[in-house]
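User: I should like to go through the charged contacts of this protein and the terms used for them. Please explain each label as it arises.
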Amino acid sequence: MTPETTHLVIDALPAGYSSKPAGEPDRAAIVFTIDGAEVTAPEGLMLVDAAKYGGVEIPVFCYEPKLGAPVGACRMCLVEIEGIPKLQTACSTPVRDGMSVVTKSPRVIEAQNSVVEFILANHPLDCPVCDKGGECPLQDISYGWGRGKSRFTEPKRHFEKPVALSPSIAIDRERCILCYRCVRFSQEVSEDYQLVLLERGADAHVGTFDGTEYIAPFSGNIIELCPVGALTSRAYRFQARPWDIEQGGSVCAMCPGQCNVTYTVRDEKVMRVLQRDNHAVDDGWLCDRGRFAYQAWESEARITQPLVRQGDKLLPARWDYALDVAASALKKAGARSAALAGGGTTNEEGWLLRRLLIEGLGSRNIDSRRGGKLSADVARTLTEPDVTLSIPDVEWADAILVLATELVDEMPILDLRVRKAVNHRGAKLAVATARPSSLDSKAQITARFAPKAVDAFAQALLRSISGEDLGDLPTRAGADGEEIAAIAELLKGAERPAILWGEKVLYYAGGAAPAMTVANIVDKLGVKNTAGAGHLQIPVQANGRGLREIGFLPNLGPALTEEGDGKSSDEIAAALGDQINALILMGVDPMVDYPNGAEWDDALAKAGTVISFSTWLDGTAERHADVIFPLEVGPEKEGTLTHPDGRLQRLRQTVERAGEVNAGWWAIAQLAERVGLDLGVKVVHQITAQIADGVPIYAGITPEEIGGTGVRWQERAAAGNRPAPSRTTFDLPEPQAAAQPNGSLRLGTFRSLWGGGDVEHAATLAPLVSRTRVELSPADGERLGVNTGDEVTLNTESGEVTAIVALRDSIPTGSAFLLDSRDDGVRRAVAGSPALVEVVK
């Protein structure tokens, strides 16, 4: 009898990929036999994955491809392979051409029954009260591959339960089956090295080495990795059962990473947030902020109704009244109006707000950036498809430079992708930052430069790549010339170099100069026509790229066409109360989000009318807003975002809006109607259609095409509509030299992942919010007579602030790094970006 042939009909590309990344090796198709049927699968897959191409499921507990090389710990996947006398683990056996596999023989069934029996010997039978009940792999495998009855009558082992592993995670050690998934994640993926397996034999259990709490940026992933109910979310524990809930897919808009998420919903409330696999974006992981900050959405501190200022108080108001007050002020201001957009503002909200200002009020004073205007050529060069990396390109690059960005704080999920590139793809990593990076331990080369001296460093790197003399640029940058030369050689010797750099560098004294230098470096490396090589800019805000590309800029229109000459955000601040009378803030708080927050505090006090779309009553909203419209949060929103690599993704509404919250785009449309402009929209998809008509590079795009995994505009035919830059290399201004300490310290600032209203108001994340701290080198600490934990006063030319000292061995001597938080004292002390600070105990 001829074996049945199963043809290769399953797409071998992971979710989100439209094409194979450059650098990923081709896999030939091979044919093997499983349970008598011929199956075609890509060569090199582990047998447990290859079996799925034939519709065969092999049970596993410990196996998870995202964790890297398999360990074969649970033995659940044992199968017979022709020619090998002993049963083999399908999770660690690569499939080969001609291989013959049996998964249902009496030997295999007996082995599977026995493994399940051994696991259940000490596993408590508490499924009715276990949070994993109903969605538990152990339950499923017990029914599918177990004996159906137990022969075990002895007492089971017992542990104290549950134990708080961290503020967010509880561990029930009796349920643990020692699959090693959580430990492997900690050791091999996030590399925080905190989780270990303690004790031996029947006493073995998971914990931290010294019993401290498991605090790490990605710790929550172990909850989803756990195949049983041993690791559970303390916020979700006993809140719902699988048959009580609904699942809704969307995108997290808390940072530029835009990870794909699934919201677990019960009674119109988000009960938890899970990852939703999109390998082209997040590789199936989530940071803890994206996973646990949903708790803040139910906080009493959240604004859920319009507020209007009466005298010195903000009072609740009806929507019609609040809209009338805001529209009256805008109509009166006319062309003397301005708008800033930021945070998770969608493309649709930005598009309507842009139309309101330009068409309804006759104003070009709109901006979604800080730090001044970008010329059309610089902006276009930075988004050229030929040199803009996708996220999978980063994974398969053979050399990576992380320049002036701390990924774990600014785009956390990319930190994990870089680690994967180094650990599993053999990439060589260089890190060049002012402050020590979490990636330093993975780097082949690390280089430090003085705070705010990135422009001089980048120009020195450009000269080194070009083979030119560095002159005094290393001294100006406060950097080591040999380290610069080593990075240059690393990039020049790579076939697919990748440069990851932070947009925040454009806010320093160099202005757009660092961006021009990066463009020159990419050009000098000659990688324009090399697939998988180039650069990726890490925006400061979640939808920074999208807002730029739809034309929410003072001098550039849709697709970065030259259009108008309005005021930039800095110029708007300077003109408030004089040339600008009304200001709309869409999802942005200049006092907190902008580097010159204290200057904005003073400027906003002069404004005639401030209209704020806000989630929290603090900062600008509390002090200066005359009208506040409540802002939607993640699962309440609908629209699109543009990922830093150009991928358009959909936000989908999964719960009803809280209180009296309305859609942000609807409120903008109502304001436009009241000032005499009909925007012609009733539903959000009509706005998406307007964007598809009005933004050449997004031409013809639809929500259906974007789908659940997104689409990069660079890979669509409409990419040919982009206006080409007239030049791709630039004449660079002379970089400023780093400040000389002269007894003081050079001052740098940094932001933490554990900051912002969504963290402060989330019950399990709030304990992680750091007090104002300053990081110093041990040498400077000794000179100043301070130790970790001491309270000091920091004096700058702008003001003073009290902070707690943290001594770090890797901090360069002569520099101090202050946590840039929402604290008023910090905002005052860093106003004007002072170069030096005096630290006094």
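User: What makes the contact between E191 and K442 a salt bridge?

Analyst: A salt bridge requires a side-chain nitrogen of Lys or Arg within 4 Å of a carboxyl oxygen of Asp or Glu. The closest N and O atoms of E191 and K442 are 2.9 Å apart, and the pair forms a salt bridge. E191 lies in the loop between α4 and β9 (195-198) and K442 in the loop between β20 (428-433) and β21 (445-448), so the pair ties together parts 251 residues apart in sequence. Helices (H or I, at least four residues) and strands (E, at least two) are DSSP runs, numbered from the N terminus.

User: On what basis should these values be read?

Analyst: This is a predicted model, in which local features need pLDDT of at least 70 and side-chain atom pairs count only at pLDDT 80 or more, while totals for chains, interfaces and linings use all residues. Residues are numbered from 1 along each chain as its sequence is written, and side-chain values use heavy atoms, with hydrogens and water left out.

User: Why is E775 called buried or exposed?

Analyst: Buried means under 20% relative accessible area, exposed over 50%, and partly exposed in between (1.4 Å probe, protein chains only). E775 has 2% relative accessibility and therefore counts as buried. Its salt-bridge partner R808, at 3.1 Å between the closest N and O atoms, has 26% and is therefore partly exposed.

User: Why is D267 classed as it is?

Analyst: D267 counts as exposed because its relative accessibility is 66%. D267 is located in the loop between β13 (260-266) and β14 (269-275).
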